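Subject: Structure handover and notes

Dear colleague,

Here is the structure for your files. My notes on it follow below the model.

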Amino acid sequence: MINEFGKSYRFLSNFWLCPVVLGDSVYPSVENAYQAAKFPKDERQCFLTCSPSAAKRLGKGITFATNKERLRVMRRLLDQKFRDGTYNAELLISTGLEELVEGNRQIHEVLECDLRQLPSSPDSLPVSELIS
């Protein structure tokens, strides 16, 4: 079981620098985009350049309208991060059959399946379907 997303498993963290698209902007990490999604489009600019930890602080106390929306956003961002054929996908595959359990269990809650079973086609998640 991999139960800490640090050290050699840091790439599993939402703080891992990996460009992801939300609306018409590219954010430096899943954490940045996830926190930005909590705000109106015209208030997201700071999330484009701050660190993931700063993004988390900025979004603290702000919530999504529903739990379903929160999970949908995270799933779409993780789909991008681990898209088939990417370096992050290769790293994920290298974990083998290890169970992935992060401290807040968000990945299990979001995906409700093994991360290694994400869509294999880049067309399976159109960017146009991401939140504006």
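A residue is called buried under 20% relative accessible area, exposed over 50% and partly exposed in between, with a 1.4 Å probe and protein chains only. By that scale Asn32 is buried, its relative accessible area being 0%.

Two notes on the source. The model is predicted, so local features need pLDDT of at least 70 and side-chain atom pairs count only at pLDDT 80 or more, while totals for chains, interfaces and linings use all residues. Residues are numbered from 1 along each chain as its sequence is written, and side-chain values use heavy atoms, with hydrogens and water left out.

Overall layout

The protein chain has five helices and two strands; these are DSSP runs, numbered from the N terminus, with helices being H or I of at least four residues and strands E of at least two. Their order along the sequence is β-β-α-α-α-α-α. The chain has 132 residues, of which 45% count as buried. Contact here means heavy atoms within 4.5 Å. Among contacts between residues at least 6 apart in sequence, 57% join residues at least 24 apart.

The hairpin

Strand β1 covers residues 17-22 and strand β2 residues 25-29. The two pair in the antiparallel sense over four bridges, where pairing requires that DSSP finds at least two bridges between the strands. One of the bridge partnerships joins Val21 to Val26 in β2. The strands form a hairpin with two residues between them, and Gly23 in the turn has a positive phi of about 65°.

In a regular strand the side chains alternate between the two faces of the sheet. In β1 the covered face carries Cys18, Val20 and Leu22, and the uncovered face carries Leu17, Pro19 and Val21.

Asn32

Asn32 is found in helix α1, residues 30-36. What does the side chain of Asn32 reach? One partner is the backbone oxygen of Phe47, at 2.9 Å, and another is the backbone oxygen of Cys50, also at 2.9 Å. Both are polar contacts, meaning N or O atoms within 3.5 Å; within protein, one atom must be able to donate a hydrogen and the other to accept it, and residues adjacent in sequence count only if both atoms are side-chain atoms. Beyond four places in sequence, Asn32 is in contact with Tyr27, Phe47, Cys50, Ser51, Pro52 and Ala55. Asn32 and Leu22 of β1 are 10 residues apart in sequence, with 9.8 Å between their C-alpha atoms.

Cysteines

A disulfide is taken as a pair of cysteine sulfur atoms within 2.5 Å, and by this rule the count is zero. Why is Cys46 not bonded to Cys50? Cys50 holds the closest cysteine sulfur to that of Cys46, but the distance is 5.7 Å, so the pair is too far apart for a bond. Cys46 is partly exposed at 36% relative accessible area, whereas Cys50 counts as buried at 16%.

Helix α3 and its charges

A salt bridge is a side-chain nitrogen of Lys or Arg within 4 Å of a carboxyl oxygen of Asp or Glu. By this rule there are two. In one, Glu69 meets Arg72, with the closest N and O atoms 3.1 Å apart. Both residues lie in helix α3, three residues apart, about one turn of the helix. Glu69 is partly exposed at 25% relative accessible area, and Arg72 is partly exposed at 28%.

In the other, the side chains of Asp79 and Arg75 meet at 2.8 Å, N to O. They are four residues apart in helix α3, which means a separation of about one helical turn. Asp79 is buried, at 8% relative accessible area, and Arg75 is partly exposed, at 22%.

Lys81 also lies in helix α3, which spans residues 67-81. Lys81 is buried yet has no salt bridge. The nearest side chain of opposite charge is Glu31, 8.9 Å away; Lys and Arg count as positive and Asp and Glu as negative, with His and the chain ends not counted. A polar atom of the Lys81 side chain does lie 2.5 Å from the backbone oxygen of Ser13. Leaving aside neighbours within four places in sequence, the contacts of Lys81 include Phe11, Leu12, Ser13, Asn14 and Trp16, as well as Cys18 and Val20 of β1.

Regards
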